[in-house]
Amino acid sequence: MRPRVNLGRVVDDLGATLLEHAYGEVDRPEEIRAVVFYDVLDQPVLPADALVLGIGVDASPALLRALGTQNAAALVVRAPVEVTDELRAAVDDTGVTVLGLRRGASWGHLSDLLRSLLAPGADDGPADEALLGGLPAGDLFAVANAIGALLDAPVTIEDRSSRVLAFSGRQDEADSSRVDTILGRQVPERYARVLHERGVFRELLRGDQPVYVEPIPDRINGFSMPRVAISVRAGDEVLGSIWAAVPGPLTEERSAALREAANLVALHLLRIRAGADVQRRMRADLLNTALEGGHGAREALERLGLSSQPLLVLGVALDERDDADSAGVIQDRQGLSDAFALHLNAVHPRAVAAAIGAVTYGLLPMTGVPEKAETRAVRILQGFLDRVGGRLPSITAVGPVARGLSDVARSRSSVDRVLRVLRDGRPDRRIGRFDELQGEALVSELRELAAARDEKPAGALARLADYDREHRGNLVETLRAWLDAFGDSVLAAESVGVHQNTFRYRLRRVAEVGQCDLTDPDQRFGLMVQVRVLGAARS
């Protein structure tokens, strides 16, 4: 069986460029089992041998001892790390190694690269079945190091959008632009613009041969090194590219090696895509079965590792208005789903999320007291919305805490109802809880029921609407304003811009024409429902 990645491998592949080793043992045999964000306000539950990303915290002895009680492997904090005698003693006592994330590198980028590095270890197949070209299937860092050795040059593997997927060692031998590319996750805009102007990207898209790129003048850091790049293809589809920082043009032998390497990278990228698709479908099927609450729900929760504990059901969807089935929207849905799954997994290692139709649902084990669970869920969703920003405008929902198996399906239904309210009637709101929006959900469902039945206003509301049509009146408007003002004629008169006496006269006409008793609470409620659900029904 192929072992998973240990801390030494993480430091070897990401060190020098992204990570600094502050203090602690690196060459330890235990495999890294998870990457978890540390929340100072809501401490996460850690699996053993987790790599903890401490955003906005210092490597204090108290924090290290707290992580040590959960058998964490290492803590990453923002560099530079002040290594004091107290810190050394805490590391020696707990075994939690301290690493520093270099300035300029983002936590999200580090998280993505770490998960990419750890992903090959999830393959539980025999070693001989998990090799492509003699390298672990899907292990792009190993592939990048192999290519770098063949070309005797630092290498990056990038996707179609020039985002860095993996990189080889020896990046310190390249120029500052390469370091900027890795720290920022993709080619800096000033270099990308020059590459576009020179037609380098166009040449990569059109052909399958190495492209030599002359040095690019940089007013700040002098001249960059030349590059050799080649597209990575699967048939006619471009999957990404390989970039090597070289002192000059490649020899014919190394050009041939780069062409062969591009074919190998294509196989690894396709393996990663296929594995992700299979895992995504399996996770979605299990989650869907659990959320439906019928036969097989208990087994599905057991397979997800979420049985016998209270759960929070969350929902995320794009705030779609038009072109809901376009290719761009479908791609954005998948991107949103993947981002949400990553976010939840950082909150709790056993959390699971998957897209089912246009909605991505999440199941999150409840921690802490039930009374604060939904408030904590709102904070988690707000953190997610802050991270995705405006590029993927989204709406999110929190269902009631599911304390048992049967509650899961009801909580999922509540999430759907909240998302419907946010999409149809609350465009200014991005997060909703069912206990806050149940009334609006009921009204929304009544509207849908009335529309399905082709329901028309009847009784008092119909008589008022007919009168307004025939006499160009405003009795329906008067009734609505009065109901909205909870019977306060002064406030209602102000809302429609008429004198109080005029409004009271119109209100008497409402009672006369509509043949209704506005002092009767049942009639008032019935009229309120009609107005909210059916509207004025003017022609």
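How do the residues of the lining of the second largest cavity divide into nonpolar, polar and charged? There are four nonpolar, two polar and one charged. This is a predicted model, and that cavity is one stop on a walk through it.

Start with the cavities. The structure holds two of 30 Å³ or more. The second largest encloses about 30 Å³ of space. Its lining consists of R333, L336, A355, G357, A358, V359 and T360. Two elements give two or more residues to this lining: α11 (327–347) and β17 (359–365).

The largest cavity holds about 180 Å³ of space. Sixteen residues line it, and S177, V187, L195, R227 and W243 are the ones nearest its centre. Here β8, α6 (176–183) and α7 (189–198) are the elements that give two or more residues to the lining. Helix α6 has the largest share, with three residues. By class, the lining of this largest cavity has eight nonpolar, four polar and four charged residues.

Now follow W243 into its strand. W243 lies in β14, which covers residues 237–245. Is β14 mostly covered or mostly open? Mostly covered: eight of its nine residues are buried. Strand β14 pairs with two partners described here. One is β8 (residues 155–159), antiparallel over five bridges. In β8, find T156 and look across. T156 stands opposite W243. The other partner is β13 (residues 227–234), again antiparallel, over eight bridges. A234 stands opposite E237 in β14. Strands β13 and β14 form a hairpin with two residues between the strands. One residue in this hairpin, G235, takes a positive phi near 70 degrees.

W243 also has an aromatic partner. F201 and W243 form an edge-to-face pair, 6.3 Å centre to centre, with 65 degrees between the planes. F201 lies in helix α8 (residues 200–206) and W243 in strand β14, so the pair ties together parts that are 42 residues apart in sequence. Both F201 and W243 are buried. W243 thus appears in three settings: the lining of the largest cavity, the pairing of β8 and β14, and this aromatic pair.

The count of aromatic pairs comes to three. Another of them joins F141 and F167. Why is this pair edge-to-face? The ring planes of F141 and F167 stand at 75 degrees, with the centres 5.4 Å apart, so the pair is edge-to-face. The cut-off for that class is over 60 degrees. F141 sits in helix α5 and F167 in strand β9 (residues 164–167), 26 residues apart, so the pair links distant parts of the chain. F141 counts as buried because its relative accessibility is 0%. F167 is buried as well, with a relative accessible area of 1%.

Next, the backbone. Most residues other than glycine have a negative phi, and most peptide bonds are trans. Three places in this model stand out against that background. The peptide bond from A79 to P80 is cis, with omega near 0 degrees. P80 lies in the loop between β4 (74–78) and α3 (85–94).

D152 is not a glycine, yet its phi is positive, at about 55 degrees. D152 lies in the loop between α5 (140–151) and β8. Its relative accessible area is 43%, so D152 is partly exposed. R472 also has a positive phi, of about 50 degrees, although it is not a glycine. R472 lies in the loop between α15 (459–471) and α16 (475–484). Its relative accessible area is 81%, so R472 is exposed.

Finish at T396. This threonine is found in strand β18 (residues 394–398). Is T396 buried or exposed? T396 is buried, because its relative accessible area is 0%. Which residues touch it, leaving aside its neighbours within four places in sequence? T396 is in contact with G315, V316, L381, L385, L419, L422, R430, I431 and G432.

Terms used: Residues are numbered from 1 along each chain as its sequence is written. This is a predicted model: local features need pLDDT of at least 70, side-chain atom pairs count only at pLDDT 80 or more; totals for chains, interfaces and linings use all residues. Side-chain values use heavy atoms; hydrogens and water are left out. Buried means under 20% relative accessible area, exposed over 50%, partly exposed in between (1.4 Å probe, protein chains only). Helices (H or I, at least four residues) and strands (E, at least two) are DSSP runs, numbered from the N terminus. Two strands pair if DSSP finds at least two bridges between them. On a 1 Å grid over the protein atoms alone, a cavity is a set of points where a 1.4 Å probe fits but cannot get out, and a pocket is an open set with protein on both sides within 12 Å along at least five of seven lines; lining residues have an atom within 4 Å of a point. Grid points are joined across faces, edges and corners, and a volume is the space filled by probe spheres set on the points. Ala, Val, Leu, Ile, Met, Phe, Trp, Tyr, Cys and Pro count as nonpolar, Asp, Glu, Lys and Arg as charged, and the others, Gly among them, as polar. Contact means heavy atoms within 4.5 Å. Rings of Phe, Tyr and Trp (its six-membered ring) pair if their centres lie within 6.5 Å; planes under 30 degrees apart count as stacked, over 60 as edge-to-face and the rest as tilted.
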